[in-house]
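Subject: Structure for you to look at, with notes

Dear colleague,

I am handing over the structure we spoke about, together with my notes on it. Please open it alongside this message, as the notes are meant to be read with the structure in view.

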Amino acid sequence: MNDARLQQQIDAASAYEDLFVPALFEQWTSRIAESAGVGPGQRVLDVACGTGVLSREVARRVGDEGYAAGLDLLPGMLEVARRLAPDIEWRQGSAEALPYPDESFDAVVSQFGMMFFPDPVKALREMFRVLLPGGRFAIAVWAAITAMPAYAEEVALLERMAGGAAADALRAPFALGESARLHEIARAAGADDIAVETHAGMANFPSIRSLVEADLRGWLPVMGVALEESLIQQILAEAETTHAAYIDPRGRAVFALAAHILTGTRT
Ligand SMILES: C[S@@+](CC[C@H](N)C(=O)[O-])C[C@H]1O[C@@H](n2cnc3c(N)ncnc32)[C@H](O)[C@@H]1O
């Protein structure tokens, strides 16, 4: 990757860390670490770590005697992760081909990445492979978009104003929202001792504008959808009306979230 392309990725990852992480992702880290039984002295891997918010929580929990590692596909995400926590081991790679030997971790965690893996069954098999016998995994994915009306309405807004490709790009993160699908993936990967629990959370963005702008400028281009500036401005203006119900007294956009956490043990 050339320097300009890497810098673009680093800028996008910094924007992700500043806006999306506090608004959406940080709140799940304790629950996932607890679901995987992460504790002092353990060796733990965070798959699809992004800028590393879950890896940092894991590193705090395993302490100096433990070992925390974060893996992601994108060098830009990892560069931001490394700047925030130089002591964690960051590695570039794919969830479907983990660059670690068999039986090297007490726990494997992953949040909000699995819906983007081209082959989630293969990725889950890989997580089993690197787990020690008796080791635990915990993987979070967003619940169905119908459980999050603010996003369902944003998809409808995009469908109406920007077309099907833009709407589909915003639907993509919710692709594993049916818990039956998670059971199917786990069974296909050979896991029998698993559980899927649905947890409630809250989105908290500085404003309606920042919520929608993050998706239009920060997410759609990642999915290959670039909108004209004039259309972005029209959508932002319209969202002030369609999403008025989600404005709290401080002007922040606050609304309910739901996520499934898939857990299991390597027997
Ligand atoms: C929504 S972000 C979540 C990042 C992080 N877990 C968090 O909670 O902030 C999804 C991440 O999955 C990564 N990803 C997507 N497909 C991947 C794959 N096949 N292998 C590894 N990472 C992948 C992306 O690069 C991105 O960093």
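Below I go through the sheet, the helix contacts and the surroundings of the ligand.

Please keep in mind throughout that this is a predicted model.

**The sheet**

The sheet is open and has 7 strands, which follow one another in the order β3-β2-β1-β4-β5-β7-β6, and the pairing in it is mixed. Its edges are formed by β3 (89-92) and β6 (194-205), each of which has a single partner strand, so one side of each is left without a neighbour in the sheet. On average, and with direction ignored, neighbouring strands are turned by 20 degrees against each other.

Two of the pairings involve strand β7, residues 253-265, and I looked at both in some detail. With β6, strand β7 pairs in the antiparallel sense over 12 bridges, and within these two strands Val196 stands opposite Leu262, while Phe205 stands opposite Ala253. With strand β5 (residues 131-142), β7 also pairs in the antiparallel sense, here over 7 bridges, and Arg136 is the residue that stands opposite Thr265 of β7. As general background, the strands of a sheet pair through backbone hydrogen bonds, either parallel or antiparallel.

**The helix contacts**

Helix α6 (residues 149-162) takes part in two of the contacts that I examined, namely with helix α7 and with helix α10.

Against α7 (residues 164-171), α6 packs at an angle of about 160 degrees with the axes 7 Å apart, which makes α6 roughly antiparallel to α7. The crossing of this pair is right-handed; it brings Glu154, Val155, Leu158, Glu159 and Ala162 of α6 into contact with Gly164, Ala166, Ala167, Leu170 and Arg171 of α7. Sorted by class, the residues of this contact are 6 nonpolar, 1 polar and 3 charged.

Against helix α10 (residues 229-242), α6 packs at an angle of about 140 degrees with the axes 11 Å apart, and the two helices are therefore oblique to each other. This crossing is right-handed as well. On the α6 side the residues are Glu153, Leu157, Met161 and Ala162, and they meet Leu231, Gln234, Ile235, Glu238, Ala239 and Thr242 of α10; the contact of α6 with α10 has 6 nonpolar, 2 polar and 2 charged residues.

The remaining pair is helix α1 (residues 3-25) with helix α9 (residues 208-219), whose axes come within 12 Å and cross at roughly 160 degrees. These two helices are therefore roughly antiparallel to each other, and α1 passes α9 in a left-handed crossing. Ala12, Ala15, Tyr16, Leu19 and Phe20 of α1 make the contact with Ser210, Ala214 and Gly218 of α9, and this set divides into 6 nonpolar, 2 polar and no charged residues.

**Around the ligand**

Which residues come nearest to the ligand? Of the 19 residues around it, they are Ala48, Gly50, Leu73, Ala95 and Gly113. The elements that contribute two or more residues to this shell are α1 and α3 (53-62), and by class the shell consists of 13 nonpolar, 4 polar and 2 charged residues. Helix α1 thus appears both in the shell around the ligand and in the contact with α9.

With best regards

Definitions and conventions
Residues numbered from 1 in each chain as written. Predicted model: local features only at pLDDT ≥ 70, side-chain atom pairs only at ≥ 80, totals over all residues. Axes fitted to C-alpha atoms, helices over the stretch in contact; angles between N-to-C directions. Helix = DSSP H or I, 4+ residues; strand = E, 2+ residues; numbered from the N terminus. Parallel < 35°, antiparallel > 145°, perpendicular 65-115°, else oblique. Left-handed = near helix turned anticlockwise from the far one by under 90°. Contact = placed C-beta atoms within 7 Å. Nonpolar A, V, L, I, M, F, W, Y, C, P; charged D, E, K, R; others polar. Near = placed C-beta within 6 Å. Pairing = 2+ DSSP bridges.
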